[in-house]
Amino acid sequence: MPARLLVRDLAQVATPVPGAVPARGRDLHTVEVIEDAYVLCAGATIESVGPMRELTVTAGDVEEVDGRGLCAIPGLVDCHTHPAFGGDRVEEFSLRAGGATYEELHAAGGGILSTVAATRRLDEAGLAARVERHAGWMQANGTTTWEGKSGYGLDRDTELASLRAVRAAGGSPTWLGAHAVPPEHPDADGYLDWAIADVLPAAAGLADAADVFLERGAFDAAQARRYLEACRAAGLALRLHGDQFTESGAIPLAIELGARSVDHLEATGPDGVAALARSDVVGVLLPASALFLDRPQPPARSLVDAGAAIALATDFNPGSSFTTSLPLVCSLACTQLHLAPAEALSAVTVNAAHVLGRSNCGRLAPGLSADFVLLDAPDWRYLAYHLGGDVVAGVIRGGRFAVRR
Ligand code: NIG
Ligand code: FE
């Protein structure tokens with residue numbers, strides 16, 4: 001019998017119970033709330049979840065934890081982060097506060113390329129330490145499963161070191177080989193030729209997915225197609241950064257190539273909304289990024305009402321979204337994207353897990369991973385309601401406390 005952990009007398013347990021995954025439309029609202037509840041873990045797996053009156057197991061090798069005044073929700077899933085970077089962009093942040101725009105700074109050689117220079121200055125151990133530190137920030141905010149992109153190396157060694165660092169810190173690595181054109185390559189096509197020939201064969205063995213920044217000033221649709229087709233042929237799942245500033249063809253390309261997701265969508269118009277809603281591609285919304293850059297928010301309500309599958313993520317990175325807090329993202333989802341708390345919860349759990357190809361997490365049910373968050377709250381919706389609040393009282397990962405306050 002594996003070690004068992006019982007969290008008892010919880011004010012509430014709340015978990016998505018969608019009819020199908022990814023959840024879409026009304027199904028995003030399907031959150032089951034059990035009052036006066038418990039969660040029982042056997043080893044790294046959930047044994048049972050239910051109301052206290054149905055709890056039968058009390059004797060034997062069970063560590064009991066008092067959950068009074070707390071709520072349990074599934075461990076949060078951050079399906080879009082950029083944690084492998086050196087340096088910071090606090091100077092740029094100050095310039096933007098004074099009126100400079102993100103795209104202007106990027107065009108002037110700041111932005112992503114300044115982080116590329118800082119990341120290349122780290123050795124492999126230094127980069128791994130940075131990713132480990134960022135993973136700790138995520139966990140402290142309730143994240144138990146996460147994706148981490150490369151994309152600040154853009155040379156072979158730093159890209160591969162980034163992917164190894166993400167895996168070593170417990171994340172799912174995504175090769176963002178097409179993030180920007182690094183200075184040693186004269187143009188985007190030449191850079192992609194080199195990356196596909198010289199980096200992809202090794203990256204494919206280290207990463208779970210590939211991603212591209214399809215945008216004015218980065219890569220166009222033809223270049224994105226060439227990169228993604230090569231990555232798909234090498235066995236990687238596909239993701240796209242699209243429609244962040246302009247509609248440049250990311251949604252049709254994502255649908256055509258069978259991508260897992262298209263992320264950002266701040267510039268998506270009605271045709272893009274309708275096309276995405278008819279497809280199996282998940283729209284990953286990043287409201288902290290839009291807030292951080294003072295940009296328009298994505299058309300979240302239209303996407304959900306049209307029937308699109310959506311997820312929410314932090315987009316944690318030094319330039320456009322320096323936050324690792326999914327609870328903050330849930331607050332923004334409710335106040336800025338006009339999603340209901342239940343829709344936000346589904347989007348940061350079960351649907352985000354789907355984007356990462358994980359079906360063993362994102363819900364609380366027998367047989368799934370024993371990953372959950374204890375909220376210091378009498379009602380699970382404090383997850384979104386407590387804006388910037390200290391809402392995470394504990395994080396259980398694989399049936400053990402990873403964070404306990
Ligand atoms: O998702 N848009 C492209 N990449 C990141 C930002 C990268 C940066 O500014 O360093 C994003 O927002
Ligand atoms: Fe991003």
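**Worked exercises on contacts, packing and backbone**

Leaving aside its neighbours within four places in sequence, isoleucine 255 is in contact (heavy atoms within 4.5 Å) with Ala275, Leu276, Ser279 and Val281. The model is predicted, so that local features need pLDDT of at least 70 and side-chain atom pairs count only at pLDDT 80 or more, while totals for chains, interfaces and linings use all residues, and side-chain values use heavy atoms, with hydrogens and water left out. Residues are numbered from 1 along each chain as its sequence is written, and chains are lettered from A and ligands numbered from 1 in the order in which they are written.

**Exercise 1.** Place isoleucine 255 in its element and decide whether it is buried, partly exposed or exposed.

*Solution.* Step one is the element: isoleucine 255 belongs to helix H9, where helices (H or I, at least four residues) and strands (E, at least two) are DSSP runs numbered from the N terminus. Step two is the accessibility, for which buried means under 20% relative accessible area, exposed over 50%, and partly exposed in between, with a 1.4 Å probe and protein chains only. Isoleucine 255 has 33% relative accessibility and therefore counts as partly exposed. Step three is a distance along the fold: tryptophan 175 is 80 residues away from isoleucine 255 along the chain, and their C-alpha atoms are separated by 20 Å.

**Exercise 2.** Describe the surroundings of serine 279, giving its loop, its accessibility and the residues that it touches.

*Solution.* Begin with the loop, which runs between helix H10 (270-277) and strand E12 (282-285) and holds serine 279. With 6% relative accessibility, serine 279 counts as buried. Next come the contacts: when residues up to four places away in sequence are not counted, serine 279 touches Arg24 and Ile255. Finally, look for a polar contact, that is, a pair of N or O atoms within 3.5 Å of which, within protein, one must be able to donate a hydrogen and the other to accept it, residues adjacent in sequence counting only if both atoms are side-chain atoms. The backbone oxygen of leucine 276 is reached by the side chain of serine 279 at 2.8 Å.

**Exercise 3.** Find the polar partner of the aspartate 243 side chain, and set it among the contacts of aspartate 243.

*Solution.* Aspartate 243 sits in the loop between strand E10 (237-242) and helix H9 (250-257), and its relative accessible area of 3% makes it buried. Neighbours within four places in sequence aside, the contacts of aspartate 243 include Leu214, Glu215, Ser248, Leu265 and Thr268. The side chains of aspartate 243 and threonine 268 are joined by a polar contact of 2.7 Å.

**Exercise 4.** Classify the packing of helices H4 and H5 from their angle, and then sort the residues of their contact.

*Solution.* Helix H4 (residues 124-140) and helix H5 (residues 156-168) pack at about 40 degrees with axes 9 Å apart; axes are lines fitted to C-alpha atoms, for helices over the stretch in contact, and angles run from 0 to 180 degrees between N-to-C directions. Angles under 35 degrees count as roughly parallel, over 145 as roughly antiparallel, 65 to 115 as roughly perpendicular and the rest as oblique. H4 and H5 are therefore oblique to each other. The contact joins Glu124, Leu127, Ala128, Val131 and Glu132 in H4 to H5 residues, among them Thr158, Ala161 and Arg164. Its residues comprise seven nonpolar, two polar and three charged, with Ala, Val, Leu, Ile, Met, Phe, Trp, Tyr, Cys and Pro taken as nonpolar, Asp, Glu, Lys and Arg as charged, and the others, Gly among them, as polar.

**Exercise 5.** Repeat the classification for helices H6 and H8.

*Solution.* Helix H6 (residues 188-198) and helix H8 (residues 221-233) have axes 11 Å apart and an angle of about 0 degrees, and are therefore roughly parallel to each other. On the H6 side, the residues are Ala188, Asp189, Leu192, Asp193 and Ile196, which meet Gln223, Arg226, Tyr227 and Ala230 in H8. By class, this contact of H6 with H8 has five nonpolar, one polar and three charged residues.

**Exercise 6.** Give the phi values and the loops of leucine 265 and aspartate 315.

*Solution.* Most residues other than glycine have a negative phi. Leucine 265, not a glycine, has a positive phi of about 70 degrees; this residue is in the loop between strand E11 (261-264) and H10, and it is buried at 0% relative accessible area. Aspartate 315 has a positive phi of about 60 degrees, again without being a glycine, in the loop between strand E13 (310-312) and helix H13 (326-335), and it counts as buried at 1%.
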